[in-house]
Amino acid sequence: RYDMERLILQKPRVAVRLLDALSRRLQETQSRLEETALRNATARVCRTLLRLAREAHELDVTHQELADSTGLYRETVTNALDRLQSQGLVELGKKKIVIVDKEGLEKAAEA
């Protein structure tokens, strides 16, 4: 603690960066809590997929990893992914999810 206080006092830019990082984490935590309280399982899975796929359309993620990220059971995630696949929004592979229709997935995330 003493070392951190000294560093922050000596280099205010470190304090600003630290506050920025903490602010982003707090916003992300608040967003996830709102998702958990206000969104159904499929919408939560959609939002998590979109968050993970900001730069790629193909995700190397398991159903269990998605369950851990969304606070859902693996079986619930599997059911949601099956629905999304039947709607043509994603394609499922072994430890891989391909986003086929990003706009459709965004609409499902808002449901």
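Start your tour by selecting Glu-110: with a relative accessibility of 52%, this residue counts as exposed, because the cut-off for exposed is over 50%. Before going further, note that you are looking at a predicted model.

**Around Glu-110**

Keep Glu-110 selected and colour the helix that holds it, which is H6, residues 102-110. Now show the neighbours of Glu-110. Leaving out residues within four places in sequence, Glu-110 is in contact with Arg-39 and Arg-47. Next, draw a distance from Glu-110 to Thr-42: their C-alpha atoms lie 9.9 Å apart, although 68 residues separate the two in sequence.

**Along helix H3**

Thr-42 leads us to the next stop, so select residues 41-52, which form helix H3. How far apart are the end C-alpha atoms of H3? They are 17 Å apart, and this agrees with the 16 Å that 12 residues should span at 1.5 Å a residue.

Just before the helix, click on Asn-40, which caps the N-terminal end of H3. A side-chain oxygen of Asn-40 is 3.1 Å from the backbone nitrogen of Thr-42.

Is H3 largely enclosed or largely open to the outside? Since 10 of its 12 residues are buried, H3 is largely enclosed by the rest of the structure. To see this for yourself, turn on a surface and look for the buried residues, among them Ala-41, Thr-42, Val-45, Cys-46, Leu-49 and Leu-50. Two arginines, Arg-44 and Arg-51, are also on the list of buried residues.

**Ala-43, inside H3**

Stay in helix H3 and select Ala-43. Its relative accessibility is 0%, so Ala-43 counts as buried. Which residues does Ala-43 touch, not counting those up to four places away in sequence? They are Ala-108, Ala-109 and Ala-111. Try a distance here too: from Ala-43 to Ala-109 it is 4.2 Å, C-alpha to C-alpha, across 66 residues of sequence.

**The turn to Lys-95**

Now move to the strands. Select E2 (90-93) and E3 (96-99), then the loop between them, where you will find Lys-95. Lys-95 has a positive phi of about 55°, although it is not a glycine. With 58% relative accessibility, Lys-95 counts as exposed.

**Zooming out**

Clear your selections and show the whole chain as a cartoon. There are 6 helices and 3 strands to find. Following the sequence, you pass through them in the pattern α-α-α-β-α-α-β-β-α.

Rotate the C-alpha trace: along its principal axes it spans about 55 × 30 × 25 Å. The chain has a radius of gyration of 18 Å, whereas a compact globule of 111 residues would have one near 13 Å. Of those 111 residues, 29% count as buried. The chain exposes about 8,100 Å², and carbon and sulfur atoms supply 50% of that area.

Contacts also link distant parts of the sequence: among those between residues at least 6 apart, 50% join residues at least 24 apart.

**Last stop: colour by confidence**

Finally, colour the chain by pLDDT. The mean is 90, and 96% of the residues reach 70 or more. Which element has the lowest mean pLDDT, and which the highest? Helix H2 (residues 12-38) has the lowest, at 84, and helix H5 (residues 74-86) has the highest, at 96. As you explore on your own, remember that predicted coordinates should not be read in detail where pLDDT is low.

Methods: Residues numbered from 1 in each chain as written. Predicted model: local features only at pLDDT ≥ 70, side-chain atom pairs only at ≥ 80, totals over all residues. Heavy atoms only, no water. Helix = DSSP H or I, 4+ residues; strand = E, 2+ residues; numbered from the N terminus. Expected span 1.5 Å × (residues − 1). Buried < 20%, exposed > 50% of the residue type's maximum accessible area, 1.4 Å probe, protein only. Polar contact = N/O pair within 3.5 Å; in protein donor to acceptor, adjacent residues only side chain to side chain. Rg over C-alpha atoms; globule rule 2.2 N^0.38 Å. Contact = heavy atoms within 4.5 Å. Areas by Shrake-Rupley, 256 points an atom, 1.4 Å probe, with all protein chains shown as cover. pLDDT = per-residue confidence, 0-100.
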